[in-house]
Amino acid sequence: MATHFTHYCLHSAWKNELHASKRLNLEPCTTYASSWVTRIRSRFRQTKHFELNSSNGHPLNAVSLQDDVPGKPPSNEQAVNHVQEHSSGATAPENLEPTLSITVVGASGDLAKKKIFPALFALYYEGCLPKNFTVFGYARTKMNDEELREIISRTLTCRIDKRENCDDKMEQFLNRCFYHSGMYDSEDDFAALDKKLKEKEAGKLPNRLFYLSIPPNVFVDVVRCASLRASSETGWTRVIVEKPFGRDSESSGELTRCFKQYLTEDQIFRIDHYLGKELVENLSVLRFSNLVFEPLWSRNYIRNVQFIFSEDFGTEGRGGYFDNYGIIRDIMQNHLLQILALFAMETPVSLDGEDIRNEKVKVLRSMRPIQLENVIVGQYKGHSKGGKSYPGYTDDPTVPKGSLTPTFAAAALFIDNARWDGVPFLMKAGKALHTKRAEIRVQFRHVPGNLYRKNFGTDLDKATNELVLRVQPDEAIYLKINNKVPGLGMRLDRSDLNLLYRARYTKEIPDAYERLLLDAIEGERRLFIRSDELDSAWALFTPLLKELEVQKIAPELYPYGSRGPVGAHYLAAKHNVRWGDLSDDS
């Protein structure tokens with residue numbers, strides 16, 4: 001795993017320079033990669049991280065010129081004074097050593113226990129956290145420090161290379177974890193948290209990161225209280241926000257306006273964990289650093305692109321939550337659309353986060369409004385298989401009877417620009433399907449005047465080259481090509497040029513939350529969603545969602561454990577496309 005963190009961790013050659021300029025001081029990571037990787041990455045990032053200035057040159061606490069959403073006038077004078085007070089950027093004494101305080105709000109929840117705390121420990125184990133740091137859990141549940149440590153310890157594992165002294169590392173990490181119980185809407189409770197944080201930060205330059213692992217209905221309360229009562233007075237303060245970011249354009253816009261009463265855009269890190277997955281990270285590398293692919297990346301050679309997400313389980317245990325959102329809001333509007341934007345964007349000016357996000361926004365704004373006739377929705381029903389019965393979606397007692405919430409959706413989307421004009425981008429996402437997978441499939445055009453077309457018969461799709469990026473499980477990149485079967489005859493076969501990650505790389509792939517947490521600590525924003533990105537994404541899907549709800553479109557039923565509704569195949573055929581996963585369950 002150390003290899004994968006080479007490009008994140010700061011090295012001693014320029015560590016002192018960062019410290020001298022009052023940036024966050026990270027200890028160097030152990031790494032086994034060659035030094036040229038470090039030199040290349042340092043050129044990309046040498047002035048982008050750990051500064052109190054944002055990437056557009058403004059102080060971190062100044063209003064960003066990139067903000068598209070006009071701030072709604074704060075409802076109380078206290079919020080106005082707070083923003084004004086911090087907009088000038090407080091100056092810290094030059095001789096103070098930096099420290100990092102990470103507060104996980106909602107520390108008693110499943111996400112915190114299963115993902116956030118283990119990711120923080122993995123970063124600590126790799127030496128990628130600052131020398132001085134503390135972790136605070138904050139929730140309404142009453143418990144003390146030791147009880148929190150006991151809960152955290154159950155989910156920590158030393159999976160990284162199975163190195164020695166794991167128990168010592170665990171003990172050291174847990175000793176840096178503390179707990180504070182409080183209400184999410186209580187400024188007094190956050191003021192008490194601030195007092196505890198200051199005790200740990202005494203004599204150092206305090207930087208603070210808040211991770212909101214909480215329901216969206218308390219986002220604004222926590223942001224208000226944390227900003228007014230527990231933000232850093234001399235260092236930076238950043239807030240990581242988990243989806244959902246609203247239910248439609250209106251609610252999302254209102255949430256952004258409320259956030260910006262207390263935070264600037266540079267302080268808000270909207271997290272989509274799919275953007276931190278290794279294969280999604282590798283998408284731009286594959287395209288922009290391999291000459292064999294970049295010239296093909298357009299309508300001239302690509303016939304269609306497919307983004308496929310499937311889970312082999314239903315909504316067991318969270319049907320009540322899911323019914324309020326549905327598969328389109330839960331998966332398509334964020335995970336799949338973000339991957340589509342990364343896939344289809346033009347070459348950015350640089351690898352700077354703002355340059356990349358600028359190109360993603362251009363893609364989203366170029367997309368054609370989604371037509372209801374290009375969408376199929378489905379809902380899984382009960383099914384018996386192998387002597388076992390699987391419940392239907394509406395059999396869940398937390399789901400309202402007669403619910404029309406889709407658990408499956410497929411859609412054809414189009415980008416109206418010169419590069420992608422006429423190319424269908426197909427999305428498919430569903431629960432309770434026959435397999436678990438997430439992948440990007442790029443189907444290329446047929447070879448004009450193919451000399452070997454008679455060897456494929458009438459089904460030319462069998463001769464189509466296809467590039468597949470399998471995001472999960474068993475991360476892989478493979479290219480389907482045609483070749484001759486050995487022998488005296490002329491028989492053709494379709495084979496894979498395969499890069500299977502677990503066969504090629506011995507290091508375990510880091511979890512997406514590790515990468516995203518480290519990026520937030522470093523101030524790297526390219527994998528986080530900017531407010532104008534969010535606006536463009538909701539502008540695309542909100543009219544469709546309203547139409548589905550107003551017309552009360554009944555979802556097509558499909559059996560639990562099947563491939564989904566038949567309508568998805570008709571939708572693909574309408575655009576002269578065959579779903580790539582039908583003949584490939586590898």
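Helices and strands here are DSSP runs, numbered from the N terminus, with at least four residues for a helix. Keep in mind that this is a predicted model. Now, on with the tour.

**Stop 1: helix α15.** Select residues 512-522, which make up α15. Of its 11 residues, 11 are buried, so the rest of the structure largely encloses this helix. Charged names are on the buried list too, among them E514, R515, D519 and E522. Next, show the side chain of D511, which caps the N-terminal end of α15. One of its side-chain oxygens sits 2.9 Å from the backbone nitrogen of Y513. Then jump to G523, just after α15, where phi is positive at about 85 degrees.

**Stop 2: strand β11.** Select residues 408-413. Six of the six are buried, so β11 is also largely enclosed by the rest of the structure. In a regular strand, side chains alternate between the two faces of the sheet. Colour F408, A410 and A412 for one side of β11, and A409, A411 and L413 for the other; both faces are covered.

**Stop 3: the partners of β11.** Add β8 (residues 375-381), which pairs antiparallel with β11 over four bridges. Look for V375 opposite A411. Now add β12 (residues 425-430), also antiparallel to β11 and joined to it by six bridges. There, F425 is the bridge partner of L413.

**Stop 4: out to the surface.** Go to L451, in the loop between β13 (437-444) and β14 (466-472). Is L451 buried or exposed? Exposed: its relative accessibility is 74%, and the cut-off is over 50%. Select Y452 and M490 as well, and you have the nonpolar surface patch of about 350 Å² that they make with L451.

Definitions and conventions: Residues are numbered from 1 along each chain as its sequence is written. This is a predicted model: local features need pLDDT of at least 70, side-chain atom pairs count only at pLDDT 80 or more; totals for chains, interfaces and linings use all residues. Side-chain values use heavy atoms; hydrogens and water are left out. Patches are made of residues with over 30% relative accessible area and no salt bridge: like charges are joined within 9 Å, nonpolar side chains (Val, Leu, Ile, Met, Phe, Trp, Tyr) within 5 Å. Accessible areas come from the Shrake-Rupley method with a 1.4 Å probe; for residues, only the protein chains shown count as cover. A salt bridge is a side-chain nitrogen of Lys or Arg within 4 Å of a carboxyl oxygen of Asp or Glu. Helices (H or I, at least four residues) and strands (E, at least two) are DSSP runs, numbered from the N terminus. Buried means under 20% relative accessible area, exposed over 50%, partly exposed in between (1.4 Å probe, protein chains only). Two strands pair if DSSP finds at least two bridges between them. A polar contact is a pair of N or O atoms within 3.5 Å; within protein, one must be able to donate a hydrogen and the other to accept it, and residues adjacent in sequence count only if both atoms are side-chain atoms.
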